[in-house]
Amino acid sequence: MAVSRSTTDRQRAAAARQAAAAARTTGTHPVAGGAPTSAPRPSHPSAVIEFRGVTKAYDNTTAGVHDATFTVHRGEFLFLVGQTGAGKSTLMKLLLKEMEPDSGVIRVAGRDLSEITHKKVPYYRRNLGVVFQDFKLLPNRTVYDNVAYALQVTGASRKQIRRQVPDILRLTGLSTKLHNYPHQLSGGEQQRVSVARAFVNHPPLLLADEPTGNLDPDTTIGIMQLLYRINKAGTTVVVATHDEGMVNRMRRRVIELQGGQIVRDEVAGGYGRDSESTAEFGALMRGEPSPTPQRLRQPSEADLFDDAFAD
Ligand SMILES: Nc1ncnc2c1ncn2[C@@H]1O[C@H](COP(=O)(O)OP(=O)(O)O)[C@@H](O)[C@H]1O
Ligand SMILES: [Mg+2]
């Protein structure tokens, strides 16, 4: 009897911990996307990222990022370009709070990152989906488990995991690869897993540092279309890449770094972006003419992911 009572107590305590974790999770990143609800108000209501005079030097001769000032608004798709060594990854690491700036202010969803204590950093990072050039998948876990793990660490319930993981794997075109291990996948498929993992929480902000750096041009287009779809669903997306030729065709906002300094901040051209389909986006990337006439309509939530993998 004593044993069974204490087991029940332990189960109750575990359930309470899980509920508390779930409540924290819901508070810091709403699953439907959009800005975090519990964060203080940004200085500009739709600002997701604000850099104000941010400098980070590694030593006297190496400027990581120098005096960077820019604002990224909710729903933007931003390309961060510049040659190797320009400071793109430094800027991403500052955003992830992997390092602190020497001077200047960085705000994300209105929150000054310097005020986030060491203990709170993991909660802050739950708002960010992150994709890297080298995928960073767990080699001894299946596709399903790699994505499930990202949810587990946020305290998601088993029920949530059982529902959300197959959903996101379907949306990223991986339904037939659930039980495969990373080494059994192509580079493009591995990057899809890493995008699925980054997006399974529906974070309000997704950062991708050279996500297509290891991929061939056709596979690159598939990954970029996936990021485009994620952006259309309401997530703000920042992609760092040295492939400036591709970016210049995209008619998206481009911030260019050179030796740590912003030398260009070009707002997207007057293209009917809201009416652009994934196929049209892909055609732009290939430098081809638009495959279908532009339609003047706003995308609805329902059609955001419908044909994501049709092309
Ligand atoms: N951990 C580090 N220690 C010293 N210098 C670094 C470090 N990381 C990056 N740098 C230097 O900072 C500059 C910017 O690097 P980085 O942000 O990685 O550029 P990018 O991602 O655009 O290639 C480069 O000159 C690089 O050598
Ligand atoms: Mg880099």
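What percentage of the 311 residues of the protein count as buried? In this predicted model, the share is 37%. The chain is organised into nine helices and ten strands. Among the contacts in the protein with a separation of 6 or more, 71% link residues that stand 24 or more positions apart.

The buried residues include a nonpolar core, the largest in the protein, with 63 residues. Within this core, Leu80, Val147, Ala196 and Leu227 have the most contacts. Helix H7 provides the largest share of the core, namely seven residues. This helix runs from residue 217 to residue 232 and comprises 16 residues. From its first C-alpha to its last, H7 reaches 22 Å, close to the 22 Å expected at 1.5 Å a residue. H7 is mostly covered, with 13 of its 16 residues buried. Leu227 touches Ala208, Val237 and Val239, when residues up to four places away in sequence are not counted. H7 is followed by Gly234, which has a positive phi near 115 degrees.

Helix H5, formed by residues 158–171, presents another pattern of burial to consider. Its 14 residues reach 20 Å from the first C-alpha to the last, close to the 20 Å expected at 1.5 Å a residue. The buried residues of H5 are Val165, Ile168, Leu169 and Leu171. These residues lie on the same side of H5, because they cover an arc of only 150 degrees around the axis. An α-helix has 3.6 residues a turn, so residues three or four places apart point the same way. The buried residues of H5 pack against two helices, H4 (143–152) and H6 (187–199). On the other side of H5, by contrast, Lys159 and Arg163 are exposed. Just after H5 comes Gly173, whose phi is positive, at about 75 degrees.

The surroundings of ligand 1 were also examined. The residues around ligand 1 are Tyr58, Thr62, Gly64, Gly82, Thr84, Gly85, Ala86, Gly87, Lys88, Ser89 and Thr90. When this shell is divided by class, eight residues are polar, two are nonpolar and one is charged. Helix H2, which spans residues 88–95, gives the most to the shell, with three residues.

Technical notes
Residues are numbered from 1 along each chain as its sequence is written. Chains are lettered from A and ligands numbered from 1 in the order in which they are written. This is a predicted model: local features need pLDDT of at least 70, side-chain atom pairs count only at pLDDT 80 or more; totals for chains, interfaces and linings use all residues. A residue is near a molecule or strand if its C-beta atom, placed from the backbone, lies within 6 Å of it. Helices (H or I, at least four residues) and strands (E, at least two) are DSSP runs, numbered from the N terminus. Ala, Val, Leu, Ile, Met, Phe, Trp, Tyr, Cys and Pro count as nonpolar, Asp, Glu, Lys and Arg as charged, and the others, Gly among them, as polar. The expected span of a helix is 1.5 Å times one less than its number of residues. A residue is buried if 20 or more other C-beta atoms lie within 10 Å of its own, exposed if 12 or fewer, and partly exposed in between; C-beta atoms are placed from the backbone. The arc is that of the directions from the helix axis to the C-beta atoms. Two residues are in contact if their C-beta atoms, placed from the backbone, lie within 7 Å. A nonpolar core is a set of buried Ala, Val, Leu, Ile, Met, Phe, Trp, Tyr and Cys residues joined through C-beta atoms within 7 Å.
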